[in-house]
Amino acid sequence: MNIAFIGMGIMGKPMALNLHKAGHTVFVCGRRPESMVPLTDAGCTAAASPAEAASRAEVTIVMVSDTPDVEQVLFGEGGVIHGARAGSVVVDMSTISPTATKTFADRLGTQGIDMLDAPVSGGDVGAINATLSIMVGGKPEVFERVKPVFEAMGKNIVLVGGNGAGQVAKACNQIVVAVTIEAVAEALTFARKNGVDPAKVRDALMGGFAGSRILEVHGKRMLDNEYKPGFKTRLHQKDLNIVMQTARELGLSLPGAALVMQHLNALMGTGDAELDSAAVMKIVERASGMAR
Ligand code: NAP
């Protein structure tokens, strides 16, 4: 299949590469030309704009940062809508606002272009290994057409509901991940303050009800005091902002997520925006005089 891929970041690069490896013809578009080099070296074709990439594709995938970025890539100057053909499908795999997603789907729909929202979970490791969880919103028949494309990038692929439902599922995912990161940071700090080896505590907890991927992956980053991303703090803050804004619109109380949001805000304030969000540990440690 001819696929356009827009956004050559930590996630976009390996996802586009996996589509190429699966035998698809991939047209890539990155904001910085140098970000496309690993893909063109591998055999993908560079496009000068999202419109140009989309004009050559049956499916156009977008993987950029935030809601305004997706809006710009889709509808701005040189945007997807100026090149995509009627009957093609736009798949937004970025994590953005569910409400804006529905508006974007409607705007594309007026040009005869279908849209799926398909945010992912599984991090850079899942992107590289093509084992991402993909949460999809949109029409079932459009989902079926795009499914082989998803299968080249992920394993657990679920059509959750109509447009925006994929983004709602991703917001749910981020609530669980954020609150679990906080819990792991507090537990490992509790161990250390008690003079007990937190690495041994993590080993002991892994086999029981407290075991999780967060305890495994993020817990290791916390033990090593090593926060190379992974998933950047500024992106996790962006996701919890989506959660909190939606909660406010709906009159929904989410005190756990709100607390972690404050810790992510604190990391942003201390210049740690580009660290992995497991760095919440640093805030927890500082609060108890345990900074390393
Ligand atoms: P990233 O490394 O910061 O990459 C974002 C990419 O989007 C960059 O290449 C950036 O271009 C491009 N971009 C941003 N705004 C743009 C705009 N207005 N126009 C054109 N290009 C634009 O982020 P990432 O980690 O790949 O994350 C991408 C999305 O996936 C985010 O929505 C994130 O929340 C989500 N996600 C990330 C992970 C993870 O573990 N990293 C996991 C699940 C979901 P430049 O290179 O020029 O800055």
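A polar contact is taken here as a pair of N or O atoms within 3.5 Å, with the further condition that, within protein, one atom must be able to donate a hydrogen and the other to accept it, and that residues adjacent in sequence count only if both atoms are side-chain atoms. The model is predicted, and local features need pLDDT of at least 70 and side-chain atom pairs pLDDT 80 or more, whereas totals for chains, interfaces and linings use all residues. Residues are numbered from 1 along each chain as its sequence is written, and side-chain values rest on heavy atoms, with hydrogens and water left out.

A backbone N or O atom of Val-64 lies 3.1 Å from an oxygen atom of the ligand, and a polar backbone atom of Gly-9 is 3.3 Å from a ligand oxygen atom. At Gly-230, a backbone N or O atom is placed 3.4 Å from a nitrogen atom of the ligand. Of the 900 Å² of accessible area that the ligand has on its own, the protein covers 90% (Shrake-Rupley method, 1.4 Å probe).

The ligand is surrounded by 25 residues, of which Ile-10, Met-11, Arg-32, Ser-65 and Lys-238 come nearest (a residue is near if one of its heavy atoms lies within 4 Å). The largest share of this shell, 4 residues, comes from α11 (helices are DSSP runs of H or I with at least four residues, numbered from the N terminus). At least three residues are drawn from each of domain 1 (2-160) and domain 2 (168-287), the bounds coming from an automatic or database domain assignment.

Note on methods:
Helices (H or I, at least four residues) and strands (E, at least two) are DSSP runs, numbered from the N terminus.
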